[in-house]
Amino acid sequence: MSTESLQKGQLLIAEPSIIGDLSFNRSVILLADHNPEGSVGFILNKPLSYALHDLIPDISASFTIYNGGPVEQDNLYFIHNIPDLLPNSIEISQGIYWGGDFERTKELLNNGTIQKDNIRFFLGYTGWGAQQLEQELESQSWIVCSNSYKQTILSKSSHDFWKEKILELGGDYVLWSNAPENPILN
């Protein structure tokens with residue numbers, strides 16, 4: 001795919017050749033922003049072993065926290081599909097929004113208004129400086145595809161997400177879909 005058409009809202013699928021990289025091996029990333037200064041994304045398929053209430057005890061929701069990427073992993077980020085309920089959110093694309101009023105988010109989580117299919121939380125994010133993502137695309141580290149799931153991507157299971165996307169690509173990628181995560185250990 002031409003790097004000219006990179007835009008927020010697209011998915012970045014880690015090439016099977018990214019082996020041994022703990023952050024990005026078999027990652028599916030939602031590109032949340034892309035502009036001449038750089039890019040930001042969130043890894044959608046790397047759940048962590050703790051829930052939202054583990055990090056913020058005054059929130060009763062047990063929603064899974066995901067590893068959003070290696071940058072600022074001490075900060076919590078969220079994407080959602082309910083901008084009418086969360087003021088000050090920024091549209092990524094196709095009904096997916098980033099951030100918003102966190103006090104209102106906590107209130108809606110605690111009263112049960114926000115469901116797991118509406119929101120996803122991340123520790124950290126994935127970031128690229130100016131032209132860095134384009135260089136990684138040229139070196140064939142990523143496959144770019146559209147987000148055909150639109151706002152329902154938040155309800156997409158993270159288990160086997162990378163494998164599903166690789167199978168959709170067909171061709172030589174099908175061989176990689178069942179390969180062990182680290183072929184060296186095979």
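I began with a rule for surface exposure: a residue is buried if its relative accessible area is under 20%, exposed if that value is over 50%, and partly exposed in between. I also note at the outset that this is a predicted model.

**Entry 1: Glu72**

I looked up Glu72 with that rule in hand, and found a relative accessible area of 36%, so Glu72 is partly exposed. Glu72 belongs to strand β6. Which side chains make polar contacts with the side chain of Glu72? I found one such contact with Asn75, at 2.8 Å, and another with Tyr77, at 2.6 Å. When I set aside neighbours within four places in sequence, Glu72 was in contact with Tyr77, Gly124 and Tyr125. Gly124 stands 52 residues from Glu72 along the chain, yet the C-alpha atoms of the two are separated by 4.7 Å.

**Entry 2: the chain as a whole**

I then stepped back to the full chain, in which I counted 5 helices and 10 strands. Of the 186 residues, 48% are buried, and the accessible surface comes to about 9,300 Å², with 48% of that area belonging to carbon and sulfur atoms. I also looked at contacts with a separation of 6 or more, and residues 24 or more positions apart account for 61% of these.

**Entry 3: the nonpolar cores**

My textbook reminder for this entry is that nonpolar side chains tend to be buried together in soluble globular proteins. Which residues have the most contacts inside the largest nonpolar core? I found Leu11, Leu12, Leu44, Ile79 and Trp142, in a core of 35 residues. Several elements each supply at least two residues of this core, including strands β1, β6 and β10 and helices α3 and α4. Strand β2 gives the most, with 5 residues.

I followed Trp142 further, leaving aside neighbours within four places in sequence, and its contacts include Leu12, Phe24, Ile29, Trp128, Leu133 and Leu137, as well as the glutamates Glu15 and Glu136. Apart from this core I noted another one of 15 residues, among them Ala61, Phe63, Ile65 and Ile114.

**Entry 4: Ser39**

Is Ser39 buried or exposed? Its relative accessibility is 3%, so I recorded Ser39 as buried. The residue is placed in strand β3, and its side chain is joined to that of His34 by a polar contact of 2.6 Å. Beyond the residues up to four places away in sequence, Ser39 touches Leu31, Asp33, His34, Thr126, Gly127, Trp128 and Leu133.

**Entry 5: aromatic rings**

Before reading the ring values I reminded myself that a pair of aromatic rings is described by the distance of the centres and the angle of the planes. The count for this structure comes to 10 aromatic pairs. Why is the pair of Phe42 and Phe122 called stacked? Their centres are 4.9 Å apart, and the planes stand at 25 degrees, so the pair is stacked, because planes under 30 degrees apart fall in that class. Phe42 sits in strand β3 and Phe122 in strand β9, so this pair ties together parts that are 80 residues apart in sequence. Both Phe42 and Phe122 are buried.

I compared this with Phe78 and Phe121, which form a tilted pair with 5.7 Å from centre to centre and 40 degrees between the planes. Phe78 is in strand β6 and Phe121 in strand β9, so the pair links parts 43 residues apart in sequence. Phe78 has a relative accessible area of 6% and is buried, and Phe121 is buried at 0%.

Ring pairs also link Phe42, Tyr66, Tyr77, Trp98, Phe122 and Tyr125 into a cluster. Over the face of Tyr66 I found Arg120, at 4.3 Å from the ring centre.

**Entry 6: positive phi values**

Most residues other than glycine have a negative phi. I therefore looked up two residues with a positive value, beginning with Gln140, whose phi is near 60 degrees, and which counts as exposed because its relative accessibility is 55%. Gln140 is found in the loop between α3 and β10. The other is Lys150, which has a positive phi of about 50 degrees and lies in the loop between β10 and α4. At 40% relative accessibility, Lys150 counts as partly exposed.

Note on methods. Residues are numbered from 1 along each chain as its sequence is written. This is a predicted model: local features need pLDDT of at least 70, side-chain atom pairs count only at pLDDT 80 or more; totals for chains, interfaces and linings use all residues. Side-chain values use heavy atoms; hydrogens and water are left out. A nonpolar core is a set of buried Ala, Val, Leu, Ile, Met, Phe, Trp, Tyr and Cys residues joined through side-chain atoms within 4.5 Å. Buried means under 20% relative accessible area, exposed over 50%, partly exposed in between (1.4 Å probe, protein chains only). Helices (H or I, at least four residues) and strands (E, at least two) are DSSP runs, numbered from the N terminus. Contact means heavy atoms within 4.5 Å. Accessible areas come from the Shrake-Rupley method with a 1.4 Å probe; for residues, only the protein chains shown count as cover. A polar contact is a pair of N or O atoms within 3.5 Å; within protein, one must be able to donate a hydrogen and the other to accept it, and residues adjacent in sequence count only if both atoms are side-chain atoms. Rings of Phe, Tyr and Trp (its six-membered ring) pair if their centres lie within 6.5 Å; planes under 30 degrees apart count as stacked, over 60 as edge-to-face and the rest as tilted. A charge sits over a ring if NZ of Lys or CZ of Arg is within 6 Å of the ring centre and within 35 degrees of the ring normal.
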